[in-house]
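This report goes from the overall fold to one sheet, then to one of its strands and to a single loop residue. Keep the structure in view while reading.

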Amino acid sequence: MKKYFIYLLFATVLIAHPHTFIDVYPTINVENGKAKTIKFKWKIDDMTSSILILDVDTNGDGKINSKENQFIKDNYFTVFEDYHFYTYIRVNGKVIPFPKTKKFQASIENYRVCYTFEIEGDFDMKKTVIEVGDTDFYVAMVIKQEFLNISGAKATATGVDNDFYYGYKVEFK
Amino acid sequence: MEYYAQFMQQLVNYQYELNRYISTTIRSLNDENSLSTSLVILGIAFIYGLVHAIGPGHGKALVALYFTSNKSDYKKAFKMGYMISIIHALSALIFTFGIFFILKTMFRQNFNQFSDIAMQISAIMIISVGLYLIYEAYKSRKEKEKKLIKSNKSETAVAFSAGIVPCPGVMTIVLFCIVLGHHTLAILSAISMSIGMGLTISVAGILSIAFNKKAGSFMDGKTYILEMIGGSLVLLLGTFLFLGTMR
């Protein structure tokens, strides 16, 4: 009883419930069981996007130009490095350092701010699992089966419970 | 703990759907459907608040620990829950309207900065409440009958400690409504969501009082031990929150 009570207290202190929801759309082209590039598209929820748009769409035209894109990258995207981009690439069960992100592009689609970026590597997809989730539980990262755009391999997206936070993982066959 | 994890995951899923539903509904608001749609939005905001507060945070642990260390009736739990939710709503409205209309730009960064300050104030207040509860428990060993005279003061302190940190969930809805030009709806949504949260927080207090009554009769006159433990845990909670803001 005491053990659970203390667990509950610490869990309450350490995590907060999600306030931002991000749909994650991975695009991967697998050839001979391997992939050189993994492309991610984050679609931030409508309400959080409305706050972001206030800050980043400085000319208010509903689009992101190159200057605004750079501003977003410097002020709103690079900070995710500290949070591992809420993405954990596991190879043979071990999390690898997150590769440097490339080709960052922000856009606004149907009121939602979207971030698109790529990572490069030599991924053996049968040994690779992609997990998303915020260890602080402030952001809920969501990958549903219909968000997957995978060619050359079968992949499944499922929810995952990591004790102090919840996320999703993509496994390949 | 597997069921607890599944339950928390399900809560996240509900919030995901409610978040989408509420934003779509607010966007669909126009002159022709304003009354009926506004009522639907307020109803969803209430449910959103209720579900949102079931997740960790919002002072439930503080309220539960407070009532573990203080003999009270169920009415006080409701009062406490709603005091917290009123302060929560006011804090969110002041922060949101203040940042939006006074500072105007860099909302998200300003919000994070102010939120950290509010969190530090809250943590210091929780530490003070913890110390106060320990002191009261110590004193009650000798003067039992005087114990509850000052409890109103500590209740207000608990409510302020838990409520002063504005809820980002409420702030997001408020700001979303402001951006779309629905200022009155922004205020009403904050109130509606806070009523939902207040109900959940009250339930945490009620459960704690029920636990206290059972444990109190079991411990037969040695309830100050329970009070000491409750006060110490509140102190610990405040210390962890404070350290959390230092990261």
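## Fold

Helices here are DSSP runs of H or I with at least four residues, and strands are runs of E with at least two, numbered from the N terminus. The model is predicted. Chain A has 3 helices and 11 strands. Their order along the sequence is α-β-β-α-α-β-β-β-β-β-β-β-β-β.

Chain A has 173 residues, and 32% of them are buried. Consider contacts between residues at least 6 apart in sequence: 65% of these join residues at least 24 apart.

## The five-stranded sheet

An open sheet of 5 strands runs in the order β4-β3-β7-β11-β10 in chain A. Its pairing is antiparallel. The edge strands are β4 (94-95) and β10 (155-161) of chain A, and each pairs on one side only.

Strand β7(A) is joined to strand β3 (residues 87-91) of chain A by 5 bridges. The two run antiparallel. Ile89(A) stands opposite Ile130(A) of β7(A). Tyr88(A) has Glu131(A) of β7(A) as its bridge partner. Strand β7(A) also pairs with strand β11 (residues 166-172) of chain A, through 4 bridges, again antiparallel. There, Val129(A) stands opposite Glu171(A) of β11(A).

## Two faces of β7

In a regular strand, side chains alternate between the two faces of the sheet. Strand β7 (residues 128-132) of chain A shows this alternation. Which of its residues are buried? Thr128(A), Ile130(A) and Val132(A) are, and they point to one face. Val129(A) and Glu131(A) point to the other face and are not buried.

The bridge partners can be read against this split. Ile130(A), on the buried face, is opposite Ile89(A). Glu131(A), on the other face, is the bridge partner of Tyr88(A). Val129(A), also on that other face, is opposite Glu171(A).

## A loop residue: Gln145

Gln145(A) sits in the loop between β8 (139-142) and β9 (149-151) of chain A. Is Gln145(A) buried or exposed? Gln145(A) is exposed, because 11 other C-beta atoms lie within 10 Å, and a residue counts as exposed at 12 or fewer.

Leaving aside residues up to four places away in sequence, Gln145(A) touches Thr156(A) and Ala157(A). Gln145(A) and Thr156(A) are 11 residues apart along the chain, and their C-alpha atoms are separated by 6.3 Å. The edge strand β10 (155-161) of chain A spans the numbers of both contacted residues.

Note on methods: Residues are numbered from 1 along each chain as its sequence is written. Chains are lettered from A and ligands numbered from 1 in the order in which they are written. This is a predicted model: local features need pLDDT of at least 70, side-chain atom pairs count only at pLDDT 80 or more; totals for chains, interfaces and linings use all residues. A residue is buried if 20 or more other C-beta atoms lie within 10 Å of its own, exposed if 12 or fewer, and partly exposed in between; C-beta atoms are placed from the backbone. Two residues are in contact if their C-beta atoms, placed from the backbone, lie within 7 Å. Two strands pair if DSSP finds at least two bridges between them.
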